[in-house]
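Me: I've got a model open and I'd like to know what stands behind the labels people put on it. Can we go through them one by one?

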Amino acid sequence: MDLTVGPNHFFWDAATVRVFYQGLAAAPVSRVVLGEVVCSKRLPFWQDEIATAVEVLLAAGKDVAITSLALVTLKRERKATAALAEIGLPIEVNDLTALHALPPGQPFWVGPLINVYNEGTLRWLAARGAVRVCLPPELPLDSIAVLARLGHDLGVAVEVWGHGRLPLALSGRCYHARLHDHAKDSCQFVCGLDPDGRDVETLDGQKFLTVNGVQTLSQSTASMAWQIEVLREAGVIALRISPQSVDFAEICDAYADRIAGKLTAAELAATLVPKVPGGRLSDGFVRGPAGAHWSGTATEGNRHGL
Amino acid sequence: MELVCPAGTPAALRAAVEAGAQTVYCGFADETNARNFPGLNFDRDEMAAGVAFAHGRGAKVLVAINTFPHAGAEAMWHRAIADAETLGADAVILADIGLLAHAATHHPDLRRHLSVQAAAANPDVINFYAETFGVKRVVLPRVLTVDEIAAINREIDVETEVFVFGGLCVMAEGRCSLSSYATGKSPNMNGVCSPASHVDYAEEPGGLTARLGGFTIHRTAKGQPAPYPTLCKGCFTSGNQTGHVFEDPVSLDATHLIPALARAGVTALKIEGRQRSRAYVAEVVRSFRAAIEAQAAGRPMPEAALAKLSEGQAATTGAYAKTWR
């Protein structure tokens, strides 16, 4: 089992992006997916960093793929999506629009925002050229096990969401703009004010969701700290680590140590709690009554609810 | 334009057809459809009778099989497609790639519509579904403006169907796991959103509190109407702001956009509400049928009848107007 760093979901300025990917070169991760996945309006601000980051990461021996946008509606988004096929790197498809421009048989990766819930879908994608699939975070362990086994037979590497605020929803509406009383078309890029998204609590102060432009994430950071053994046994090949703004290299180190058996689940969780935004973890989609649930204990400073 | 009406029960199906629905849509009573609510939907005998009733009156029946099959349990979804064909359905409404591929291979003569749950939001991806799986109609996701719908129709050869009335998803459908984050039950996997089984009400000093999976969704003062605690319509706090962060507790009402949607090249107008009573369905269908006929004849919209439908309800035209975003 190894680590994949997913695309950054948040809006960071170019200098921050540069430092982030330079830092990843030395991190114990096997591959990196980068590019804009949430909002095409952000891309011009940091687009020039992509080529540099790709160069740095390839030189460091990482596999690199470029993500498609997750919800493609505008003409320029369609053009940009079609142009991905010509970059010469694998595409991580996060909207099926990207497949439209991809010649059949050209290998591609499938991101967690594509609905791969069952064998029929995985088989179809594999036949179309998928070589790596990060399953949707919503899937329970028994589904993961079925798909990881089938992936093994089909020659598709199956990975799961290992760490990061969960991408729960996408909308036509921008919630950041709405919270600032702006229209989406004149959003003034207010999502850039919140490098890990803007938190949304319930009326009783429960830490619930996080908005990031048109995206809604969980406020808890999902972590497979307690699930490494069962996922490995299920045949999962890789864990996806989703970028956050602070301590990211240390987080990658900690997961690598956990996979290598140098850290226990509790030790990893204890390492993570002070580092993740908001200090809350969850793993309920994989093994729990609901996504927000966490397998760890209250001593990790992570009690559910208030 | 064709009016596509909800039928959550055999009685609602008959009421919709009698009220003038050209087409009804319904589902089997299990997790294969996205309105898997207790007491709703059709067993196989009811579906056969419903199809016979509709066909006898010149109406069509679409069967929604629009959840995403569970790994290891695809047989239930495959059986639903086979049964829909055997029972005489005019089309199936599908979202999952694997199911679309299965239906195209094993039931090539059964017409396939792409569910809103597939969130196909541009001409490229719609053409991809049409070319790859022989999809004949696409139900558009509720993230598009009327102008964008018109632009899409200029670049595709398949029909489009859009929602005009009823419950409103704020998120791109089929790509939302907010409900399962709070409750473990999701539209994609279980055909439910914010399920009643996970709702609790409590009389508290601040008012009637509605919680979903333990998360407070809203609190209403005594005597105020308490909306159902649908997660994305809840009242939350962010920073120093408290309010409906995602959307107010409103429903969709695009009746006034019927002429614009017709000009945009839309084939069918869809009414949400398989969970609604047969009396509600009949009234909505009658009003919309009148509106569509007026539109086709170039007469003004029957304002009074349409206004009556949304009486006492907060309504929005949602993403159809650009300012909503």
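Reply: Sure. Keep in mind that this is a predicted model. Let's start with chain B, where an open sheet of 3 antiparallel strands runs in the order β8-β9-β10.

Me: What makes β8 and β10 of chain B edge strands?
Reply: β8 (199-204) and β10 (215-220) each pair on one side only. From one strand to the next, the twist averages 25°.

Me: How do you know that β8(B) and β9(B) pair?
Reply: DSSP has to find at least two bridges between two strands. β8(B) and β9(B), residues 207-212, have 6 bridges in the antiparallel sense, so they count as paired. B:D200, for instance, has B:R211 as its bridge partner in β9(B).

Me: Why is β8 of chain A said to pair with β11 of chain B?
Reply: By that rule of at least two bridges, the 2 bridges between β8 (residues 198-202) of chain A and β11 (residues 236-238) of chain B are enough, so the two strands pair, in the antiparallel sense. There, A:E201 stands opposite B:T237.

Me: Why is the link between A:R173 and B:E247 called a salt bridge?
Reply: The cut-off is 4 Å between a side-chain nitrogen of Lys or Arg and a carboxyl oxygen of Asp or Glu. Here the closest N and O atoms are 3.5 Å apart, so the pair qualifies. Between chains A and B the count is 7 salt bridges.

Me: And how much area is buried between the two chains?
Reply: About 5400 Å², with carbon and sulfur atoms giving 55%. On the chain A side, A:R173, A:L203 and A:F208 lose the most area to chain B, together 13% of what that side buries.

Definitions and conventions:
Residues are numbered from 1 along each chain as its sequence is written. Chains are lettered from A and ligands numbered from 1 in the order in which they are written. This is a predicted model: local features need pLDDT of at least 70, side-chain atom pairs count only at pLDDT 80 or more; totals for chains, interfaces and linings use all residues. Side-chain values use heavy atoms; hydrogens and water are left out. Buried area is the accessible area (1.4 Å probe) that two parts lose on being put together, summed over both. Helices (H or I, at least four residues) and strands (E, at least two) are DSSP runs, numbered from the N terminus. Axes are lines fitted to C-alpha atoms, for helices over the stretch in contact, and angles run from 0 to 180 degrees between N-to-C directions.
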